[in-house]
Amino acid sequence: MTALPRFVLASSSPARLATLRSAGVDPEVVVSGVAEDDVTGEASYVAAALAERKARAVAEGRTDALVLGCDSVLELDGETLGKPEDAADAEARWRRMRGRTGVLHTGHFLIDTTSHTQTGAVASTTVHFARLTDAEIRAYVSTGEPLLVAGAFTVDGLGGAFVERIEGDPHNVVGLSLPLLRHLLDELGHRWTDLWRPGTTGTGS
């Protein structure tokens, strides 16, 4: 295994940052600022392409960094759904989603600027939505939470009660698959445990 460069998360998502921190990782956060509305195609392709775009934008000009870009989209009836445009759009989506099943795709792209290596993959998790009433939909959308996230829902916030079950990695629904990140790190010659903050018990040698 090679020495681990500083780890950079190319995302403004509080949920992704919280997921990493709860797993013992304290990344540097750098927002890519790239456009996200000009990539079209199948949901998994869009997620992968935007994750790579974010990672490349943040990695540019950095010489000692391990940069992770992520992007999530929901696939419903073959349609790719990112963040809703406004409250009306969020309400309309939930009327379509309630009582049904979608697939949340999260693209991951990892660049090691020290070794000039890179790798990426998409994690997909099936999500079963509860049968919300119109009143529940209006109440949820009025909180503003659905407007900030891909697919207009979360499982780690107010929306958690509206997801009956999932099939796959639960972290992926939050926006970052920890098992997949571990695999990608291994591909580039790094250990997941080396990302743990100093002082974490059991890091090994």
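Here a biologist asks about a predicted model and a modeller answers.

Biologist: How many bridges join S5 to S6?

Modeller: S5 covers residues 101-112, and S6 covers residues 117-129. The two strands run antiparallel. The number of bridges joining them is 12.

Biologist: Which residue in S6 is the bridge partner of aspartate 112?

Modeller: Look at the hairpin of S5 and S6, which has 4 residues between the strands. S5 ends at residue 112 and S6 begins at residue 117. The partner of aspartate 112 is threonine 117.

Biologist: Which residue in that hairpin takes a positive phi?

Modeller: Stay with the 4 residues between S5 and S6. One of the hairpin residues has phi near 60 degrees. That residue is histidine 116.

Biologist: S6 also pairs with S7; which residue in S7 stands opposite histidine 128?

Modeller: S7 spans residues 163-167. S6 and S7 run antiparallel, with 4 bridges between them. Opposite histidine 128 stands arginine 165.

Biologist: Is S1 largely enclosed or largely open, and how many of its residues are buried?

Modeller: S1 is a strand of 5 residues, 6-10. It is largely enclosed by the rest of the structure, because most of the strand is buried: the count is 4 of the 5.

Biologist: Which residue in S3 is the bridge partner of leucine 9?

Modeller: S1 and S3 pair in the parallel sense. Their pairing has 5 bridges. In S3, leucine 9 is matched with leucine 68.

Biologist: And which residue in S2 is the bridge partner of valine 8?

Modeller: S2 is made of residues 28-29. It runs parallel to S1, and 2 bridges join them. The partner of valine 8 is glutamate 28.

Biologist: At what angle do H3 and H4 pack?

Modeller: Two packed helices are described by the angle between their axes and the distance between the axes. H3 is residues 87-97 and H4 is residues 134-142. Their axes are 10 Å apart, and the crossing is right-handed. The angle is about 145 degrees.

Biologist: How many residues of the contact of H3 with H4 are nonpolar?

Modeller: H3 brings Ala87, Ala90, Glu91, Trp94 and Arg95 to the contact. H4 brings Asp134, Ile137, Arg138, Tyr140 and Val141. No residue there is polar, and 4 are charged. The nonpolar ones number 6.

Biologist: Is aspartate 71 buried or exposed?

Modeller: Aspartate 71 sits in S3, residues 65-76. Among the residues it touches are Arg16, Glu36, Leu50 and His105. Its relative accessibility is 4%, and the cut-off for burial is under 20%. So aspartate 71 is buried.

Biologist: Which side chain makes a polar contact with that of aspartate 71?

Modeller: Several residues touch aspartate 71, including Ala47, Ala51 and Lys54. One polar contact joins two side chains at 2.9 Å. The partner is lysine 54.

Biologist: Which backbone oxygen does the side chain of histidine 108 reach?

Modeller: Histidine 108 lies in S5. It is buried, with a relative accessible area of 2%. Its side chain comes to 3.0 Å from a backbone oxygen. That oxygen belongs to threonine 106.

Biologist: Aspartate 77 and alanine 152 both have a positive phi; which of the two is buried?

Modeller: Aspartate 77 is in the loop between S3 and S4, with phi of about 55 degrees. At 55% relative accessibility, aspartate 77 counts as exposed. Alanine 152 is in the loop between H4 and S7, with phi near 65 degrees. At 0% relative accessibility, the buried one is alanine 152.

Biologist: How far apart are the C-alpha atoms of leucine 184 and threonine 119?

Modeller: Leucine 184 lies in H6, residues 178-187. It is buried, at 1% relative accessible area. Its contacts include His108, Leu110 and Thr119. Along the chain, leucine 184 and threonine 119 are 65 residues apart, but their C-alpha atoms are separated by 6.5 Å.

Biologist: What separates the C-alpha atoms of proline 170 and aspartate 156?

Modeller: Proline 170 lies in H5, residues 170-174. It is partly exposed, with a relative accessible area of 44%. Proline 170 and aspartate 156 are 14 residues apart along the chain. The C-alpha separation is 9.7 Å.

Technical notes
Residues are numbered from 1 along each chain as its sequence is written. This is a predicted model: local features need pLDDT of at least 70, side-chain atom pairs count only at pLDDT 80 or more; totals for chains, interfaces and linings use all residues. Side-chain values use heavy atoms; hydrogens and water are left out. Two strands pair if DSSP finds at least two bridges between them. Axes are lines fitted to C-alpha atoms, for helices over the stretch in contact, and angles run from 0 to 180 degrees between N-to-C directions. A crossing is left-handed if the near helix is turned anticlockwise from the far one by less than a right angle, and right-handed if clockwise. Contact means heavy atoms within 4.5 Å. Ala, Val, Leu, Ile, Met, Phe, Trp, Tyr, Cys and Pro count as nonpolar, Asp, Glu, Lys and Arg as charged, and the others, Gly among them, as polar. Buried means under 20% relative accessible area, exposed over 50%, partly exposed in between (1.4 Å probe, protein chains only). A polar contact is a pair of N or O atoms within 3.5 Å; within protein, one must be able to donate a hydrogen and the other to accept it, and residues adjacent in sequence count only if both atoms are side-chain atoms. Lists of a residue's contacts leave out its neighbours within four places in sequence.
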